[in-house]
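Q: I have a protein model open and would like to go through it piece by piece. Can we start with the charged pairs and then move on to the rest?

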Amino acid sequence: MPSQQQQQQQQQQQQQQQQQQQLSEEQKHPGERDNSSTSTTQPLASTHSLSPSSSTHSNQQDQQQQQEQQEEDHRTISNPGNERIEQRVIKSKKLPFYHGGVRPQHAKIVRFIGRCGFIAKGIVYGIIGVLILTNVSGTYTPNGSQGNESPQGAFLLLGGIPAIGRPILVVMTVGLITYLCWRFWEAITGQGYDAKLSNRTNFFRYRLSPIVSGLVYCGYLYYLIQMVYQTEEEQRKTASSSEFPASWTDTTVGSAFVGIFGVAFLIAFITQMVNAITGNFIPDLKTCEPTARKWEARTVHLFGRIGFGGRAAMFGTLSGFFWESLAERNESGELNVIAAAIGKLSTHAGGLFFMVLLGLGLIIYGIFAIGNAHYKYFPTPPPSRIPLYQIDKNYQGEDNDSSFSSIDQERRVEIGEHSVVAADRSGPKKIWWRRLWMRVHPSSIDTANSTSDDIEKQQEQGAHNNH
């Protein structure tokens with residue numbers, strides 16, 4: 001009996017040791033246990049055992065898939081607005097003429113007429129600034145242009161140049177026509193529509209604003225064409241606004257229109273001040289790129305800010321003049337209404353000093369506008385460089401010729417718009433005044449998850465690479 005008990009104890013000890021060995025092996029190689037368990041449950045795998053090399057290969061694939069998934073999750077978390085922006089972009093094999101901007105085959109024509117138009121525009125504003133300064137100093141200017149600080153006064157000054165006055169007016173006529181063609185071309189095609197901007201902002205900036213600007217220059221072009229074949233006396237009469245706006249305030253309807261003019265120039269004043277403070281014009285310039293020369297970019301942007309400030313001051317003066325005309329009788333006389341509004345500043349305290357600042361601001365804007373012939377992108381690009389409407393020949397979806405007017409398409413745009421706005425708000429807050437000192441406009445580089453310090457580092461890096 002004792003021998004039997006000892007044998008049983010030895011057998012129990014051996015079984016315990018075997019169980020401990022099995023547990024230790026399972027802890028060391030958990031993957032092999034999983035493979036063995038799957039092989040018992042699957043009838044096809046039960047007849048074939050997995051080799052160590054195949055199990056290792058499968059483990060490496062699993063690890064690689066996990067790493068790719070983690071990187072994808074990191075990209076989604078770091079850029080939550082990219083997917084929403086891509087969903088908002090409208091792609092089609094073919095777009096109607098009023099969507100998608102200027103077509104590539106017309107880009108060279110738009111570039112040429114845009115440059116010619118900006119040169120003509122810069123000359124007009126520069127001469128207006130010079131006329132303001134000559135009015136303050138009392139310097140004589142020919143052909144009745146003295147004291148007539150307006151586009152019509154600029155045309156009088158150019159037309160009064162001996163021997164070459166009329167040819168210059170003809171050249172200016174062609175220049176304004178090219179500016180009008182560029183303005184209306186981009187407005188009609190929706191050039192500049194940005195996927196990161198709301199529908200309202202896109203419409204105001206890239207549809208309404210160019211159309212209003214074009215209509216204003218249509219009026220200037222009308223006066224200029226008349227002056228080309230008129231005598232000097234007839235030119236001066238054409239440039240004057242006579243009894244306006246006093247003659248309009250005699251009736252209720254006329255007073256209402258004078259009030260509308262006051263509101264319109266007030267809106268123009270606000271938009272020009274926004275450009276001067278925020279630098280919204282910078283993404284349209286080549287100097288917004290990180291590779292641009294630092295001194296050149298800062299100079300061009302500073303001239304633009306000062307120039308837009310000068311335009312804002314002129315529009316604000318006109319708005320105040322129209323509001324004042326509702327209370328008292330203001331006549332332009334032999335001057336244009338713009339010149340009458342600016343000339344009235346001399347009757348107020350500090351008015352002459354303000355006129356000097358206004359004249360210098362408009363001269364700087366004229367230089368900036370002429371410089372746009374070289375620095376500005378034509379056609380005008382979206383600030384974020386992501387167009388809202390894109391032509392894709394390989395697009396597999398429906399052609400959007402009919403879907404643009406569908407309710408589903410409108411809902412898609414609205415949903416995408418709110419998603420983009422929400423994504424932008426969720427990003428880091430940026431101090432607005434830091435943008436005044438940035439050489440590169442924030443919207444021209446990837447700033448979805450960058451702070452102001454990160455943006456400045458990118459700017460300095462781009463400048464260093466350029467040197």
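**Salt bridges and surroundings**

A: A search of the whole structure, which is a predicted model, finds seven salt bridges.

Q: OK, which residue does Glu-289 pair with in a salt bridge?
A: Glu-289 pairs with Arg-385, and their side chains meet at 3.8 Å, N to O. Glu-289 lies in the loop between helix H10 (252–278) and H11, while Arg-385 lies in the loop between helix H13 (351–375) and strand E4 (389–391), so the salt bridge ties together parts that are 96 residues apart in sequence.

Q: And how accessible is Glu-289?
A: Glu-289 has a relative accessible area of 25%, so the residue counts as partly exposed. Its partner Arg-385 is also partly exposed, at 30% relative accessibility.

Q: What about Glu-296, which residue does that one meet in a salt bridge?
A: Glu-296 meets Arg-293, with a distance of 2.9 Å from N to O.

Q: Is Glu-296 buried or exposed?
A: Glu-296 is buried, at 12% relative accessibility, because the cut-off for buried is under 20%. Arg-293, on the other side of the salt bridge, is partly exposed at 41%.

Q: Which residues are linked in a network of salt bridges?
A: Asp-250, Arg-329 and Glu-331 form such a network. Within it, the closest N and O atoms of Glu-331 and Arg-329 are 3.2 Å apart. Glu-331 is partly exposed, with 42% relative accessibility, and Arg-329 is partly exposed too, with 48%.

Q: Changing topic. Where is Ser-325?
A: Ser-325 sits in helix H11, which covers residues 294–327.

Q: Buried or exposed, that Ser-325?
A: Ser-325 is buried: its relative accessible area is 2%.

Q: So which residues is Ser-325 in contact with, leaving aside neighbours within four places in sequence?
A: Ser-325 is then in contact with Pro-245, Thr-249, Val-258 and Asn-330.

Q: Now the surface. Which residues form a nonpolar patch there?
A: The nonpolar patch is formed by Phe-203, Phe-204, Leu-208, Val-212, Val-216, Val-263, Ile-267, Trp-323 and Leu-326. Together these residues have about 760 Å² of accessible area.

Q: Which elements give two or more residues to the patch?
A: Helix H8 (199–228), H10 and H11 do. H8 provides the largest share, with five residues.

Q: Pick one residue from H8. How accessible is Leu-208?
A: Leu-208 lies in helix H8 and has a relative accessible area of 34%, so Leu-208 counts as partly exposed.

Q: Last part, the whole chain. How many helices and strands are there?
A: The protein chain has 16 helices and four strands.

Q: What share of the residues is buried?
A: Of the 467 residues in the protein chain, 40% are buried.

Q: And the accessible surface, how much of that belongs to carbon and sulfur atoms?
A: Carbon and sulfur atoms account for 57% of the accessible surface, which comes to about 26800 Å² for the protein chain.

Q: One more, on contacts with a separation of 6 or more. What share comes from residues 24 or more positions apart?
A: That share is 76% of the contacts in the protein chain with a separation of 6 or more. The Glu-289 and Arg-385 salt bridge from earlier joins parts that are 96 residues apart in sequence.

Note on methods
Residues are numbered from 1 along each chain as its sequence is written. This is a predicted model: local features need pLDDT of at least 70, side-chain atom pairs count only at pLDDT 80 or more; totals for chains, interfaces and linings use all residues. Side-chain values use heavy atoms; hydrogens and water are left out. Buried means under 20% relative accessible area, exposed over 50%, partly exposed in between (1.4 Å probe, protein chains only). Contact means heavy atoms within 4.5 Å. Accessible areas come from the Shrake-Rupley method with a 1.4 Å probe; for residues, only the protein chains shown count as cover. A salt bridge is a side-chain nitrogen of Lys or Arg within 4 Å of a carboxyl oxygen of Asp or Glu. Patches are made of residues with over 30% relative accessible area and no salt bridge: like charges are joined within 9 Å, nonpolar side chains (Val, Leu, Ile, Met, Phe, Trp, Tyr) within 5 Å.
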